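Open the model in your viewer and keep the sequence panel beside it. The stops below say what to select and what is there.

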Amino acid sequence: MKVVAIPVYTPKDYPIIRQLPGADDMPLTWEAWAKVFEASMKERKWGGGYGCQRVRIRPDLLKVWLDANSQVATAHSRQRYAQELRDAREARIAAHAEEQRAREIAANAPPPPAPWSHRAIEACALILLATAVSSDVVVGAMLATSTGVLYHQEKATEGVVCHYFTATVTFARPNYAVTGCPRFISVDR
């Protein structure tokens with residue numbers, strides 16, 4: 001059902017609105033306007049097909065709207081202004097209700113699950129982290145059990161010369177012709 005906005009005026013505002021250009025179609029006094037208004041409201045109740053809603057018109061805001069829309073205060077422009085006020089108010093009420101519903105839904109909804117791609121990336125990252133940690137543990141254990149680490153080997157006339165590194169010294173041992181240089185060894189000092 002369509003709701004039509006009906007402009008209404010307070011006794012204090014009525015003379016100010018009546019002074020606006022184009023408002024000469026209004027009765028001379030507020031009391032005369034009120035009698036005509038009540039009679040028209042009774043007629044509308046019997047007409048049916050649409051509802052009516054009273055919208056108070058403030059003279060200062062009406063003047064601003066008239067100037068912004070290059071209008072004068074005729075019955076048609078006053079009714080159009082009242083309809084725009086009513087529609088804007090209804091839109092604000094509907095937007096507020098929609099915002100409240102969205103807040104309630106957001107407050108009661110569980111958090112969304114992580115996308116599958118993120119889960120796969122997380123799993124790969126955990127596997128890589130576990131591999132890095134276990135490799136570090138293995139290498140650390142090997143280093144902890146040996147005091148010398150091979151860092152270079154070279155061929156010599158009598159076999160292979162192995163250069164080892166410890167935390168403090170670098171040294172060489174020759175003659176590993178058959179087996180080559182072992183990677184981790186215990187070093188005699």
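The tour starts with the whole chain and then goes from one selection to the next.

**Before selecting anything**

This is a predicted model, in which local features need pLDDT of at least 70, side-chain atom pairs count only at pLDDT 80 or more, and totals for chains, interfaces and linings use all residues. Residues are numbered from 1 along each chain as its sequence is written, and side-chain values use heavy atoms, with hydrogens and water left out.

**The whole chain**

Show the protein chain as a cartoon: five helices and six strands should appear. Here helices (H or I, at least four residues) and strands (E, at least two) are DSSP runs, numbered from the N terminus. Following the chain from the N terminus, the order of elements is β-α-α-β-α-α-α-β-β-β-β.

Next, colour by accessibility. Buried residues account for 23% of the 189 residues in the protein chain. Buried means under 20% relative accessible area, exposed means over 50%, and partly exposed is in between, with a 1.4 Å probe and protein chains only.

**Helix α4**

Select residues 75-108, which make up α4. Its 34 residues should span 50 Å at 1.5 Å a residue, and the end C-alpha atoms are 50 Å apart, so the two agree. The expected span is 1.5 Å times one less than the number of residues in the helix.

Now show side chains in α4. The buried residues there include Ser77, Arg78, Tyr81 and Arg86. Ala82 and Gln83 are buried in α4 as well.

Zoom in on Ser77 in helix α4. What lies 2.4 Å from a polar atom of the Ser77 side chain? The backbone oxygen of Val72 does. A polar contact is a pair of N or O atoms within 3.5 Å; within protein, one must be able to donate a hydrogen and the other to accept it, and residues adjacent in sequence count only if both atoms are side-chain atoms. Ser77 has 1% relative accessibility and so counts as buried.

**The loop before α4**

Step back to Ser70, in the loop between α3 (59-68) and α4. Its phi is near 50 degrees, a positive value in a residue other than glycine. With a relative accessible area of 68%, Ser70 is exposed.

**Salt bridges**

Side chains of opposite charge can pair when their charged atoms come close. The structure holds nine salt bridges, each a side-chain nitrogen of Lys or Arg within 4 Å of a carboxyl oxygen of Asp or Glu. Three of them can be visited as follows.

- Select Glu38 and Arg54, whose side chains meet in a salt bridge at 4.0 Å, N to O. Glu38 is in helix α2 (residues 30-47) and Arg54 in strand β2 (residues 50-56), so this pair ties together parts that are 16 residues apart in sequence. Glu38 is partly exposed at 38% relative accessibility, and Arg54 is partly exposed at 47%.
- Select Arg58 and Asp60, a salt bridge whose closest N and O atoms are 3.3 Å apart. Arg58 is partly exposed at 38%, and Asp60 is partly exposed at 43%.
- Return to α4 and select Arg80 and Glu84, with closest N and O atoms 3.6 Å apart in their salt bridge. Both lie in helix α4, four residues apart, about one turn of the helix. Arg80 is partly exposed at 30%, and Glu84 is partly exposed at 36%.

**A nonpolar patch**

Turn on the surface and select Leu126, Leu129, Val133 and Val137. These residues form a nonpolar patch with about 390 Å² of accessible area together. Patches are made of residues with over 30% relative accessible area and no salt bridge, like charges being joined within 9 Å and nonpolar side chains (Val, Leu, Ile, Met, Phe, Trp, Tyr) within 5 Å. Accessible areas come from the Shrake-Rupley method with a 1.4 Å probe; for residues, only the protein chains shown count as cover. Leu126 is in helix α5 (residues 116-145) and is exposed, with a relative accessible area of 58%.

**Cysteines**

Finish with Cys52 and Cys124. Cys52 is partly exposed at 31% relative accessibility, and Cys124 is partly exposed at 48%. How many disulfides does a search of the whole structure find? It finds zero, a disulfide being a pair of cysteine sulfur atoms within 2.5 Å.
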